[in-house]
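Please look over the structure shown here before reading on. Some questions about its side chains come after it.

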Amino acid sequence: GFPAIINMVNERKAYIDESLLKAKEANEKLTNIKKEGESVMQQAREQQSALIKEATATRDAIVESAKEKAHKEGVRIITEAKTEIEADKQNALRDIREKVAELSVKVAENILREELSTNDKQMELIDRLLDNVS
C-alpha cells in the first residue's frame, strides 16, 4: 500500500505546487494590474492638471478681454458724453448770444424811438450828423 499512498502524496504535492504556482501568477497579475492602475491614475491626474491649467488660462484671457472691452467702452462713452456736453454748451452760448442780440436791438430800437419821437428831435439828430460829416 505504500506506492498508492506515495502516489496520492505526490498527486497532492503536485496539486499544491500547481496551486502555489497559480497563486503566484495571480499575485503577479494583481501587482501588474495595480501598477497599471497607478499609471492610469497618474495619467488622469496629469490630464486633470493640464485641463485645469488650460481652463484657468482661458478664464484669465476671457476676464482680461472683458476688462479691456469694458475700458474701451467706458472711454468711448466718456468721449461721446464730452462731445455732447461741448455741443450743448456751444448751442446754449449761441442761444444766449442770439437773445442778447435781440434784446440789444430792442433796447436800441426803444431808445431811438424815444430819441426821435418828435420832429424837433429828428431835426436835431440830422443837424448833428451833418455837422459830423462836414
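The questions and answers below deal with a predicted model.

Q: How many salt bridges does a search of the whole structure find?
A: Side chains of opposite charge can pair when their charged atoms come close. A salt bridge is counted when a side-chain nitrogen of Lys or Arg is within 4 Å of a carboxyl oxygen of Asp or Glu. Searching the whole structure gives a total of seven.

Q: How far apart are the closest N and O atoms of Lys 72 and Glu 68?
A: Both Lys 72 and Glu 68 belong to helix 1, and they are four residues apart, about one turn of the helix. The two form a salt bridge, for which the cut-off is 4 Å, and their closest N and O atoms are separated by 3.3 Å.

Q: Is Lys 72 buried or exposed?
A: A residue is called exposed when its relative accessible area is over 50%. Lys 72 has a relative accessibility of 53%, so the term that applies to Lys 72 is exposed.

Q: Which term describes the accessibility of Glu 68, the salt-bridge partner of Lys 72?
A: Buried means under 20% and exposed means over 50%, with partly exposed in between. The relative accessible area of Glu 68 is 42%, so Glu 68 is partly exposed.

Q: What is the N to O distance in the salt bridge of Arg 76 and Glu 73?
A: Arg 76 and Glu 73 are three residues apart in helix 1, about one turn of the helix. Arg 76 is partly exposed at 37% relative accessible area, and Glu 73 is partly exposed at 36%. Their side chains meet in a salt bridge with an N to O distance of 2.3 Å.

Q: Which residues are joined into one network with Arg 76?
A: Glu 80 lies four residues from Arg 76 in helix 1, and these two form a salt bridge with closest N and O atoms 2.5 Å apart. Arg 76 also has a salt bridge with Glu 73. Salt bridges with shared partners therefore link Arg 76 into one network with Glu 73 and Glu 80.

Q: What is the accessible area of the nonpolar patch that includes Ile 6?
A: Ile 6 is in helix 1, which covers residues 2–115. A patch takes residues with over 30% relative accessible area, and Ile 6, at 48%, is partly exposed. Phe 2, Ile 5, Ile 6 and Val 9 make up this surface patch, and their accessible area together is about 430 Å².

Conventions: Residues numbered from 1 in each chain as written. Predicted model: local features only at pLDDT ≥ 70, side-chain atom pairs only at ≥ 80, totals over all residues. Heavy atoms only, no water. Patch = residues over 30% accessible without salt bridge, like charges linked within 9 Å, V, L, I, M, F, W, Y side chains within 5 Å. Areas by Shrake-Rupley, 256 points an atom, 1.4 Å probe, with all protein chains shown as cover. Helix = DSSP H or I, 4+ residues; strand = E, 2+ residues; numbered from the N terminus. Buried < 20%, exposed > 50% of the residue type's maximum accessible area, 1.4 Å probe, protein only.
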